[in-house]
Amino acid sequence: EPGKPWQNGTNESFNGKFRDECLAMNWFHSRKHAKVLIEQWREHYNTIRPHSSLDYQTPLEYVSEWKSSSTTGAVVSK
């Protein structure tokens, strides 16, 4: 339901991280500048930053592992 953030914890968690790690840490001089800095943060978030919910893997590592396990039919667990 609109206006009830506790019903979508995943989005609220991401929004909080984005606000704390990107928006609050930068002063944007223009839309173009904001676009560049947000893209840099997004790249870092998806390729370098480990996520506890993914067993401290980056999303890129997790997807690569998932794809390799789904093509072989094996289930990978840690």
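**Helix packing and two side-chain contacts in a three-helix model**

Of the 78 residues of the protein, 18% count as buried. The model is a predicted one. Its secondary structure amounts to three helices and zero strands, and the elements follow the pattern α-α-α along the sequence. Among contacts between residues at least 6 apart in sequence, 14% join residues that are at least 24 apart.

The packing of helix 1 and helix 2 was examined. Helix 1 comprises residues 9-23, and helix 2 comprises residues 31-47. The axes of helix 1 and helix 2 lie 11 Å apart and form an angle of about 120°. Helix 1 is therefore oblique to helix 2, since roughly perpendicular covers angles of 65 to 115 degrees and roughly antiparallel requires an angle over 145. The crossing of the two helices is right-handed. On the side of helix 1, the contact is made by Phe14, Lys17, Phe18, Glu21, Cys22 and Leu23; helix 2 contributes Leu37, Ile38, Trp41 and Tyr45. Sorted by class, the residues of this contact are eight nonpolar and two charged, with no polar residue.

Tyr45, one of the helix 2 residues in the contact with helix 1, is also touched by His51. His51 is located in the loop that runs between helix 2 and helix 3, the latter spanning residues 59-72. The relative accessibility of His51 is 8%, so this residue counts as buried, the cut-off being under 20%. The side chain of His51 reaches the backbone oxygen of Tyr45 at a distance of 2.9 Å. When residues up to four places away in sequence are left out, the residues touched by His51 are Tyr45, Tyr56, Gln57, Thr58 and Pro59.

A further side-chain contact to a backbone oxygen involves Ser70, a residue of helix 3. A polar atom of the Ser70 side chain lies 3.1 Å from the backbone oxygen of Lys67. With a relative accessibility of 42%, Ser70 counts as partly exposed, because this value falls between the limits of 20% for buried and 50% for exposed. His51, by contrast, counts as buried, and the backbone oxygen reached by the His51 side chain belongs to Tyr45.

Methods
Residues numbered from 1 in each chain as written. Predicted model: local features only at pLDDT ≥ 70, side-chain atom pairs only at ≥ 80, totals over all residues. Heavy atoms only, no water. Helix = DSSP H or I, 4+ residues; strand = E, 2+ residues; numbered from the N terminus. Buried < 20%, exposed > 50% of the residue type's maximum accessible area, 1.4 Å probe, protein only. Polar contact = N/O pair within 3.5 Å; in protein donor to acceptor, adjacent residues only side chain to side chain. Contact = heavy atoms within 4.5 Å. Axes fitted to C-alpha atoms, helices over the stretch in contact; angles between N-to-C directions. Parallel < 35°, antiparallel > 145°, perpendicular 65-115°, else oblique. Left-handed = near helix turned anticlockwise from the far one by under 90°. Nonpolar A, V, L, I, M, F, W, Y, C, P; charged D, E, K, R; others polar.
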